[in-house]
Amino acid sequence: MPRRPVPGEKPLYWVGSAKKDLLGFPETVKDNIGIALSVAQFGGKHPAAKPWRGEGPGVLEIVEDHAGDTFRAVYTIRFLEAVYVLHAFQKKSPKGIKTAQHDVELISQRLKQARLDYQERYGRERPSPEGDGFSGNA
């Protein structure tokens, strides 16, 4: 049985294989990303969360380093009533610090899927009054 949400907590939805992928991360990485996502569910922004470049406002990433590897989770807070985790991956770009094009394209595709899912669950898309879906502290 799923747990009951706490007052003020937005539901968290996973797009594609994001949850399965995250569950394959090391325990400390999963814990830290989980805490950051929980902060987002309550309308806040964790210090480890930063804007994801390329999709505009309301799409953020959490970057965690562990044992020489880098892990990322990308999520969106564009929607007033929910948080969507779009992708979770271990960064393995062949070109230094740049994110692999496959991951960039997958995030864009999953953001579109999240928008459709949100519209099915809640009706039309309803962004926050600030227009970026984020009504917490920046």
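In this predicted model, Tyr118 is buried, with a relative accessible area of 0%. Its aromatic partner is Tyr122, and the two rings sit 4.7 Å apart, centre to centre, with 35° between their planes, an arrangement that counts as tilted. Both residues belong to helix H3, where a spacing of 4 residues separates them by about one helical turn. Tyr122 is partly exposed, at 23% relative accessible area, a value that lies in the band between the 20% limit for buried residues and the 50% limit for exposed ones. The two tyrosines also have company: ring pairs join Tyr118 and Tyr122 with Tyr13, Phe79 and Tyr84 in a cluster.

Helix H3, which spans residues 101-122, offers another pair to look at, since Asp117 and Arg121 are 4 residues apart in it and so about one helical turn from each other. Their side chains form a salt bridge with an N to O distance of 2.5 Å. Asp117 is partly exposed, with a relative accessible area of 22%, and Arg121 is also partly exposed, with 44%. Arg121 has a further neighbour in the aromatic cluster: this arginine lies over the face of Tyr13, 3.7 Å from the ring centre.

The model contains 3 salt bridges in total. In one of them, Glu27 is joined to Lys30, with 2.8 Å between the closest N and O atoms. These two residues are 3 residues apart in helix H2, which places them about one helical turn from each other. Their surroundings can be told apart by accessibility: Glu27 is exposed, at 53%, whereas Lys30 is buried, at 18%. The salt bridge between Arg72 and Glu61 has its closest N and O atoms 3.2 Å apart. Here the partners come from distant parts of the chain, with Arg72 in strand S4 and Glu61 in strand S3, 11 residues apart. Both Arg72 and Glu61 are buried.

Aromatic pairs number 5 in this model. One of them brings together Phe25 and Phe71, whose ring centres are 4.8 Å apart; the planes meet at 55°, so this pair is tilted. It links distant parts of the chain, because Phe25 lies in the loop between H1 and H2 while Phe71 lies in strand S4, 46 residues away. Both rings belong to buried residues, with relative accessible areas of 8% for Phe25 and 5% for Phe71.

What, then, gathers in the interior? In soluble globular proteins, nonpolar side chains tend to be buried together. The largest nonpolar core here has 18 residues, and those touching the most other members are Phe25, Ile33, Leu37, Ile62, Tyr75 and Ile77. At least two residues of this core come from each of helix H1 (18-23), helix H2 (27-41), strand S3 (59-66), strand S4 (69-76) and strand S5 (83-90). H2 gives the largest share, 5 residues. Ile62 shows how such a residue is surrounded: beyond its neighbours within four places in sequence, Ile62 is in contact with Ile33, Ala36, Leu37, Ala48, Phe71, Arg72, Ala73 and Tyr75. Among these contacts are Phe71, from the tilted pair with Phe25, and Arg72, from the salt bridge with Glu61. A second core, separate and made of 14 residues, includes Val15, Trp52, Phe79 and Leu111. Phe79 is also a member of the aromatic cluster that holds Tyr118 and Tyr122.

Note on methods:
Residues numbered from 1 in each chain as written. Predicted model: local features only at pLDDT ≥ 70, side-chain atom pairs only at ≥ 80, totals over all residues. Heavy atoms only, no water. Core = buried A, V, L, I, M, F, W, Y, C linked by side-chain atoms within 4.5 Å. Buried < 20%, exposed > 50% of the residue type's maximum accessible area, 1.4 Å probe, protein only. Contact = heavy atoms within 4.5 Å. Salt bridge = Lys/Arg side-chain N within 4 Å of Asp/Glu carboxyl O. Phe/Tyr/Trp six-rings, centres within 6.5 Å; stacked < 30°, edge-to-face > 60°. Lys NZ or Arg CZ within 6 Å of the ring centre and 35° of its normal.
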